[in-house]
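User: Could you walk me through this structure step by step? I'm new to this, so plain sentences would help.

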Amino acid sequence: MRRYGKHTDEDDIRSRPNRKGNRPRTNIRPKHEEAVEGMVLTVDRGRLTCLVDGRVVMAMKARELGRKAAVVGDRVAIVGDLSGEKDTLARIVRIAPRTSVLRRTADDDDPYERVVVANADQLAIVTALADPEPRPRLIDRCLVAAFDGGLTPLLVLTKSDLAQPDKLLELYGHLDIPYVVTSREELESGGAADVVRDHLDGKITAFVGHSGVGKTTLVNTLVPEEQRRVTGHVNAVTGRGRHTTTSALALPLAGDAGWVIDTPGVRSFGLHHVDPSRVILAFPDLVPGTEGCPRACSHDEPDCALDAWVAEGHADPARLYSLRRLLSTRERTEGD
């Protein structure tokens, strides 16, 4: 058997031909300088619908992106066939840095983080005042996710003809969260859109809420040209609605007034990914009081400096209570 030493003649070594005839693999990746910017409108089984220069283009993720996934709201760079014609497919080669991220996990013990929406300005938390009953703990969790992800929260309370909003609003009055209240008649007639529209002007707004609260109905009235699936009904036994939206979808408001992103109805909102130290950033009036806190303070322990700071009159005690209620929401079930 012939063996080769360290100093062999190159002509004396046999090389295997490349049967596929393709180029050898390399770590050098193309720059795609000709790529065009687009926005992801929806994702469905590996196919991403994007808006590029006013055209709807179907695309797929390029292999060089690896496991990095694009989500609704992402700003992406696209190459390939950008005509938007039937049966054409482009490629997403870059994902721009995100200004905000709405994330959730299946539950608080699930380490797998799911990015729901990227680059949204605000989070509209849609809650019915009755039929189904409001779930304050789910609202708390959505608020924590909004504060952690850099979104401004907005409370949208529906079905005010069935119950008064005062009791629920009292829970969130000290958080200074903007809110709108609509009735079932306004929701069904489309009048709710006029009440909500002023809060959406010039913004990208993601809508979240559990099933049966009227979220998709509200989105349909805001963007009547893009009617989504038939709305569901509330189960009389469980008090829960049926999911009618199965994927997030970005829809433009008339007159380039902004975007609304309808998301699937949620029955849980896990917060395993949330860093508690970021939640207090939503309470700028309390941040100065944390300077005397011990290292890695949870702001809900005996040595927390916020207690003395608030007692000295620097902030409203109700604000500290609201902060700690949100920080402890991971320890409580959403049905509480």
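**A chat about the model**

Analyst: Let us begin with a single residue: Met60 is found in strand β3, which covers residues 55–61. Please keep in mind that this is a predicted model.

User: Is Met60 buried, partly exposed or exposed?

Analyst: Met60 counts as partly exposed, because its relative accessible area is 31%, and buried would require a value under 20% while exposed would require one over 50%. Met60 also belongs to a nonpolar patch on the surface, which it forms with Met58 and Leu89, and the accessible area of these residues together is about 210 Å².

User: Ok, zooming out. How many helices and strands does the protein chain have?

Analyst: The protein chain has 8 helices and 13 strands. Of its 336 residues, 47% count as buried, and the accessible surface of the chain comes to about 18,900 Å², with 48% of that belonging to carbon and sulfur atoms.

User: And what share of the contacts comes from residues 24 or more positions apart?

Analyst: If we take the contacts in the protein chain with a separation of 6 or more, residues 24 or more positions apart account for 65% of them.

User: Which residues is Thr158 in contact with?

Analyst: Leaving aside the neighbours within four places in sequence, Thr158 is in contact with Val126, Thr127, Ala128, Leu129, Thr182, Leu187 and Val213. Thr158 itself is found in strand β9, residues 152–158, and it counts as buried because its relative accessible area is 0%. One of those partners deserves a second look, since a polar atom of the Thr158 side chain lies 2.9 Å from the backbone oxygen of Val213.

User: New topic: how many aromatic pairs are there?

Analyst: The count comes to 1 aromatic pair. It is formed by Phe147 and Phe283, whose ring centres are 6.2 Å apart and whose planes make an angle of 70 degrees, so the pair is edge-to-face, a label for planes over 60 degrees apart. The pair links distant parts of the chain, with Phe147 in helix α1 (residues 136–149) and Phe283 in the loop between α6 and α7, 136 residues apart.

User: Are those two rings' residues buried or exposed?

Analyst: Phe147 is buried, with a relative accessible area of 14%, and Phe283 is buried as well, with a value of 0%.

User: What about salt bridges, how many are there?

Analyst: There are 10 salt bridges by count. As background, side chains of opposite charge can pair when their charged atoms come close. One of the salt bridges is between Arg45 and Asp44, where the closest N and O atoms are 3.2 Å apart. Arg45 counts as exposed at 77% relative accessibility, whereas Asp44 counts as partly exposed at 42%.

User: Which residue does Asp140 pair with, and are the two buried or exposed?

Analyst: Asp140 forms a salt bridge with Arg137, with 3.0 Å between the closest N and O atoms, and both of these residues are buried. They both lie in helix α1, 3 residues apart, which is about one turn of the helix. In general, an α-helix has 3.6 residues a turn, so residues three or four places apart point the same way.

User: Which parts does the Asp161 and Arg184 pair tie together?

Analyst: Their side chains meet in a salt bridge, at 3.7 Å from N to O. Asp161 lies in the loop between β9 and α2 while Arg184 lies in helix α3, so the pair ties together parts that are 23 residues apart in sequence. Asp161 is partly exposed, with a relative accessible area of 43%, and Arg184 also counts as partly exposed, at 30%. Elsewhere, salt bridges that share partners join Arg137, Asp140 and Arg325 into one network.

User: Where does Arg325 sit, then?

Analyst: Arg325 is one of the buried residues of helix α8. That helix covers residues 317–327 and is mostly covered, with 9 of its 11 residues buried, and these buried residues pack against α1, α2, α6 and α7.

User: What caps the N-terminal end of α8?

Analyst: Asp316 does, with a side-chain oxygen that lies 2.9 Å from the backbone nitrogen of Ala318.

User: Last one: how many residues of helix α5 are buried?

Analyst: In α5, residues 215–222, 7 of the 8 residues are buried, so the helix is largely enclosed by the rest of the structure. Among them are Leu218, Val219 and Leu222.

Technical notes:
Residues are numbered from 1 along each chain as its sequence is written. This is a predicted model: local features need pLDDT of at least 70, side-chain atom pairs count only at pLDDT 80 or more; totals for chains, interfaces and linings use all residues. Side-chain values use heavy atoms; hydrogens and water are left out. Rings of Phe, Tyr and Trp (its six-membered ring) pair if their centres lie within 6.5 Å; planes under 30 degrees apart count as stacked, over 60 as edge-to-face and the rest as tilted. Helices (H or I, at least four residues) and strands (E, at least two) are DSSP runs, numbered from the N terminus. Buried means under 20% relative accessible area, exposed over 50%, partly exposed in between (1.4 Å probe, protein chains only). A polar contact is a pair of N or O atoms within 3.5 Å; within protein, one must be able to donate a hydrogen and the other to accept it, and residues adjacent in sequence count only if both atoms are side-chain atoms. Contact means heavy atoms within 4.5 Å. Accessible areas come from the Shrake-Rupley method with a 1.4 Å probe; for residues, only the protein chains shown count as cover. Patches are made of residues with over 30% relative accessible area and no salt bridge: like charges are joined within 9 Å, nonpolar side chains (Val, Leu, Ile, Met, Phe, Trp, Tyr) within 5 Å. A salt bridge is a side-chain nitrogen of Lys or Arg within 4 Å of a carboxyl oxygen of Asp or Glu.
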